[in-house]
Each structure stands twice: as structure tokens, then as C-alpha cells.
Amino acid sequence: CYSEANDFGVQLRFFKYKNTSMIGDAAVKIGTGVANIVSVPSVQGKSRMPQLRINGTITEVQLGRVIQLGSGSVTLFMRESSVSNSLVQLFFQFKSGATYTTEIRYSDSIGRQFLDTSLG
């Protein structure tokens, strides 16, 4: 969808772990573009930040960073979380008023990162 009036959209991608599905990646519509958040699928994820691509270009995930996206229609905030197994929280604040949050966590029992998401 290339309409900025309908600037909000999220697609989640799952991976199987035993008898459940966990969120591994997310694609977030930002104006006419897209941001992809990709978790690290190995034990390296315990200390590595997830991969963030904005319109296909790798963008460094850095705590405290704020980026304007989608010609100013979306603001991305990257911040530290108070949850013990969380690496970073990414907040997408849309001009329309919607907020999409992705928290990237690491699980020792799974041995990889996974995403926890919420809408507000």
C-alpha cells in the first residue's frame, strides 16, 4: 500500500520452537517504505543487536537513537528496556496516532532472539 493516509501496517514472520510459534521478524510499513526487523537466530543473538533494514538498507540499531522515517510520518525511537532478557525496544510512532512497539529479547532455553510486539 503506497497511501500515506493509510500509513500503518505490520507483517509478522514466525519460527517454530517445539510445539509453539515465536515471532522472529517483523515488517513495518512506514509511509511508502518499509522497515524490517530481523532477529539473530543463534546464540550470537545474546550479545548482538537485531538487524534493521529501512527500505532495504541496513541501519544500525543504537540505544538512544531517533530516526524520522516516511517523509516525517513516522518516528522511530530505539531505547533500552527494563526487562532482564531484552536487548532493545523499537518504538514506531505514526503521525496517525498509532504506536507499534517491538521488544527484541534473548532466550537461553531457545538459544536465540525473538520479538515481543504490541500496538498502542
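How many bridges pair β6 and β7, and in which sense do they pair? Keep that in mind while browsing these close-ups of a predicted model.

**View 1. β6 and β7 sit side by side as an antiparallel pair.** Here's the reply to the opening question: the two strands are antiparallel, with 4 bridges between them. For a spot to start looking, try valine 66, whose bridge partner in β7 is phenylalanine 77. β6 covers residues 66–69 and β7 covers 74–79.

**View 2. The hairpin of β6 and β7 has 4 residues between its strands.** Glycine 70 takes a positive phi here, near 55°. Serine 71 has a positive phi as well, about 55°, even though serine 71 is not a glycine. You'll find serine 71 in the loop between β6 and β7. Serine 71 counts as exposed because its relative accessibility is 76%, and the cut-off for exposed is over 50%.

**View 3. β7 carries on into another hairpin, this one with β8.** This time 6 residues link the strands. β7 and β8 run antiparallel, joined by 6 bridges. One pairing to pick out is leucine 76 with its bridge partner in β8, phenylalanine 92.

**View 4. Leucine 76 and phenylalanine 92 turn up again in the largest nonpolar core.** This core has 23 residues, and Ile37, Leu52, Leu69 and Leu90 join those two as the residues with the most contacts inside it. Among the elements that give two or more residues to the core are β2 (20–30), β3 (33–38) and β9 (99–107). The largest share comes from β8, with 5 residues.

**View 5. Leucine 52, from that core, has plenty of company.** Skip its neighbours within four places in sequence, and leucine 52 still touches Ala35, Asn36, Ile37, Thr57, Ile58, Thr59, Val61, Leu76 and Met78.

**View 6. Asparagine 55 lies in the loop between β4 (51–54) and β5 (57–59).** Although asparagine 55 is not a glycine, its phi is positive, at about 50°. Is asparagine 55 buried or exposed? With 52% relative accessibility, asparagine 55 counts as exposed.

**View 7. Glutamine 89 is a buried residue in strand β8.** Why does glutamine 89 count as buried? Because its relative accessibility is 12%, and buried means under 20%. Its side chain makes a polar contact of 3.5 Å with the side chain of glutamate 103. Beyond its neighbours within four places in sequence, the residues in contact with glutamine 89 include Phe77, Met78, Arg79 and Thr102.

Notes: Residues numbered from 1 in each chain as written. Predicted model: local features only at pLDDT ≥ 70, side-chain atom pairs only at ≥ 80, totals over all residues. Heavy atoms only, no water. Buried < 20%, exposed > 50% of the residue type's maximum accessible area, 1.4 Å probe, protein only. Core = buried A, V, L, I, M, F, W, Y, C linked by side-chain atoms within 4.5 Å. Contact = heavy atoms within 4.5 Å. Polar contact = N/O pair within 3.5 Å; in protein donor to acceptor, adjacent residues only side chain to side chain. Pairing = 2+ DSSP bridges.
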